[in-house]
Amino acid sequence: MVRFENVGMRYGPGPEVLRDVTFVLEAGSFTFLTGPSGAGKSTLLKLMFLAEPPSRGLVNLFGNDLATTKRSAFAALRRRIGVVFQDFRLLDHLSAFDNVALPLRLAGGKPDDYTQDVEELLGWVGLGDRMHAKPPTLSGGEQQRVAIARAVVARPDLLLADEPTGNVDAEIGQRLIRLFGELNRLGTTVLIATHDRSLIENARAREIRLVDGRLVEMRAGRT
Amino acid sequence: MSAPIRKRGRILPREAGAAPLDVVIGVMAFLAALALGASLVADRAAEGWRAGLSGRLTVQVLPPEHGAPNPALAQETAAALDVLRSTDGVVHADEISQEETLKLVEPWLGSGAVIADLPLPRLIDATLVPGARIDLAALTQRLKQAAPDSVLDDHSHWIARLKGVADAVIWSAYGILALIAIATASAIAFATRAGLEAHHDIVSLLHQMGARAGFIARAFEWHYFISALFAASVGGALAAAFFVAAGGLESVGIEPVPFLPPLSLQPAELGWLIVVPLGSAFIAWATARLSVLAALRRIY
Ligand SMILES: Nc1ncnc2c1ncn2[C@@H]1O[C@H](COP(=O)(O)OP(=O)(O)OP(=O)(O)O)[C@@H](O)[C@H]1O
Ligand SMILES: [Mg+2]
């Protein structure tokens, strides 16, 4: 599903943020990405969701070597990826409902086909009564849940979540992780970057850790 | 029971009030409509001159420039009339009386005793069958034989000069229209770039989520299409009002510009001005689309 080989990454003329990163995410796997702040977790995710090109090395996504894939094919690849951004990136002028519906809209869906799914999902993340609120009027944790709902609503092949439980309490955090688990059981490959040890201990999934831009295999997941 | 039709939020937030861009487009459209109107006026004037002058011939029988008057002038004139009347394609030919000839020169020479002594040419006005093609060289030859002092004038020289003037006006108007189109497109391109900048977070998120370039471009192009259509309609309507007002002045006898054709447009010609808002809207649509697509091609 995702394969990195000797990937290096630097922003402009700055120092290398990622160094010789090599790993594989198998289709249908569930993986945690950990590491201290500034280790390069978000940067690694950015390479996976095609926000930045790697400085060197090979990135293979869904069997496509990105170096030889045409730019015009990137949009279709991106639509197969659900992303929970560390800073949410919700559209402030759209309601929670419209934010969550956006991926379905981009895939060409009609409101009549997806309205029920979106409403159900918003109910599941505990925002059934905040559906028509605009993001600026939502709390940090509520915004985060909208961001998560938006990332999973189209049942992407790959889900990348950057610190998805940073703003919610432990109970909601567990509930959201269960949502990711549910999606994973339906076939989505999941990678979650997090600091939250309790999440990782409870889930007992594979853990890879970034330290100083290098990747360390910490724990193999249950099989 | 059918599900209610649900409205979805606009991809780009709605902007309030008239932007400076709308003012620019409105003014450009006003100027474009004036130029277009001027070209229509010139076109109609040229057609009027052509219709008035073509289809007619004038024959002058000239008196000698020096010395005694030619006693045979009347005879020559009669001979020339005979030649013209026997020519195929000539409907009728008549001599213009001395009084009428005097009237024709009056604006330049004034009236009075001086004029009466001047050696005036005899003039013959001939009307042709509409669309008739006369062999002018042969006719000139025959006239020369019958009346050695005759000069044939088919007005083609004047028609060509007037048409030249009208064509110059028309092509200048087209040139101005082209310049206005370029300026409008530049203003739209500039505004689109500013709009992309202002909505950078939205654009980059949509791009990140795999929105096709066309989807993002559409959100912008319709915004500029609608606002250009509106602004240019206002500008075009003001120009139309100008032409209507000019028509009003002319109808009460005030000519804005003497010797020039009337500035008023006929209803059908006013209809042509609709091209201006439609053209502006199309330019806005196309420019915005191309600008957005070009900007999206530049990002990863
Ligand atoms: N756009 C950027 N331009 C320049 N440097 C950047 C940029 N984004 C991140 N960095 C640098 O790259 C390094 C890794 O950042 P990154 O955001 O990937 O870390 P992280 O592991 O996600 O940290 P955190 O846990 O705090 O989110 C940091 O030193 C950061 O300053
Ligand atoms: Mg981060």
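Which polar backbone atom is 2.9 Å from an oxygen atom of ligand 1? In this predicted model, the atom in question belongs to Gly40(A), whose backbone places a polar atom 2.9 Å from an oxygen atom of ligand 1. The surroundings of this ligand comprise 13 residues, and the closest are Ser37(A), Gly38(A), Lys41(A), Ser42(A) and Thr43(A). Side chains also supply polar atoms: an N or O atom in the side chain of Ser37(A) is 2.5 Å from an oxygen atom of ligand 1, and a polar side-chain atom of Thr43(A) lies 2.6 Å from an oxygen atom of ligand 1.

Ser42(A), one of the closest residues to ligand 1, also takes part in the site of the magnesium ion, which is ligand 2. The protein donors of this ion are the OG atom of Ser42(A) and the OE1 atom of Gln86(A), at 1.9 to 2.2 Å from it. These two donors link distant parts of the chain, since Ser42(A) is in helix H1 of chain A whereas Gln86(A) is in the loop between strand E6 (81-84) and helix H3 (96-106) of chain A, 44 residues apart. Ser42(A) has a relative accessibility of 22% and therefore counts as partly exposed, the limit for a buried residue being under 20%. Gln86(A), with a relative accessibility of 41%, likewise counts as partly exposed.

Chain A contains an open sheet of 4 strands, arranged in the order E2-E1-E4-E5 with antiparallel pairing. Strand E2 (16-25) and strand E5 (64-65) of chain A stand at the edges of this sheet, and because each has a single partner strand, one side of each is left without a neighbour in the sheet. The pairing of E2(A) with strand E1 (residues 2-10) of chain A is antiparallel and extends over 6 bridges; within it, Val7(A) has Val21(A) in E2(A) as its bridge partner. Helix H1 (residues 41-48) of chain A packs on the sheet, where it touches E1, E2 and strand E4 (56-61) of chain A, and the direction of the helix makes about 60° with that of E2(A). Helix H1 of chain A, which packs on this sheet, is also the helix in which the magnesium donor Ser42(A) is found.

A further strand of chain A, E3 (residues 30-34), has 5 of its 5 residues buried, so the strand is largely enclosed by the rest of the structure. In a regular strand the side chains alternate between the two faces of the sheet. Both faces of E3(A) are covered, with Phe30(A), Phe32(A) and Thr34(A) buried on one side and Thr31(A) and Leu33(A) buried on the other. E3(A) pairs in the parallel sense with strand E8 (residues 189-193) of chain A over 4 bridges, and in E8(A) the bridge partner of Phe30(A) is Val190(A). E3(A) also runs parallel to strand E9 (residues 206-211) of chain A, to which 4 bridges join it; in E9(A) the bridge partner of Leu33(A) is Ile208(A).

Chain B has 10 helices and 4 strands, which follow one another along the sequence in the pattern α-β-α-β-α-α-β-α-β-α-α-α-α-α. Of its 300 residues, 37% count as buried. Among the contacts in chain B with a separation of 6 or more, 83% are accounted for by residues 24 or more positions apart.

In chain B, 4 strands form an open sheet in the order E2-E3-E1-E4, and the pairing is antiparallel. Strand E2 (90-96) and strand E4 (150-153) of chain B are the edge strands, each of which pairs on one side only. Neighbouring strands of this sheet are turned against each other by 20° on average, direction ignored. E2(B) and strand E3 (residues 122-128) of chain B are joined in the antiparallel sense by 6 bridges, with Glu95(B) standing opposite Ile124(B) in E3(B). Helix H5 (residues 136-146) of chain B packs on the sheet and touches strand E1 (56-61) and E4 of chain B, its direction making about 160° with that of E4(B).

Two helix residues of chain B may be considered last. Gln75(B), in helix H2 (residues 73-85) of chain B, is exposed with a relative accessible area of 60%, and its C-alpha atom is separated by 48 Å from that of Ser264(B), 189 residues apart along the chain. Ser251(B), found in helix H8 (residues 213-251) of chain B, counts as exposed at 62% relative accessibility. Ser251(B) and Gly195(B) are 56 residues apart in sequence, with 48 Å between their C-alpha atoms.

Key:
Residues are numbered from 1 along each chain as its sequence is written. Chains are lettered from A and ligands numbered from 1 in the order in which they are written. This is a predicted model: local features need pLDDT of at least 70, side-chain atom pairs count only at pLDDT 80 or more; totals for chains, interfaces and linings use all residues. Side-chain values use heavy atoms; hydrogens and water are left out. Two strands pair if DSSP finds at least two bridges between them. Contact means heavy atoms within 4.5 Å. Axes are lines fitted to C-alpha atoms, for helices over the stretch in contact, and angles run from 0 to 180 degrees between N-to-C directions. Donors are N, O and S atoms within 2.8 Å of the metal (3.2 Å for Na, K and Ca); water is not among the atoms, so sites may look incomplete. Buried means under 20% relative accessible area, exposed over 50%, partly exposed in between (1.4 Å probe, protein chains only). A residue is near a molecule or strand if one of its heavy atoms lies within 4 Å of it. A polar contact is a pair of N or O atoms within 3.5 Å; within protein, one must be able to donate a hydrogen and the other to accept it, and residues adjacent in sequence count only if both atoms are side-chain atoms.
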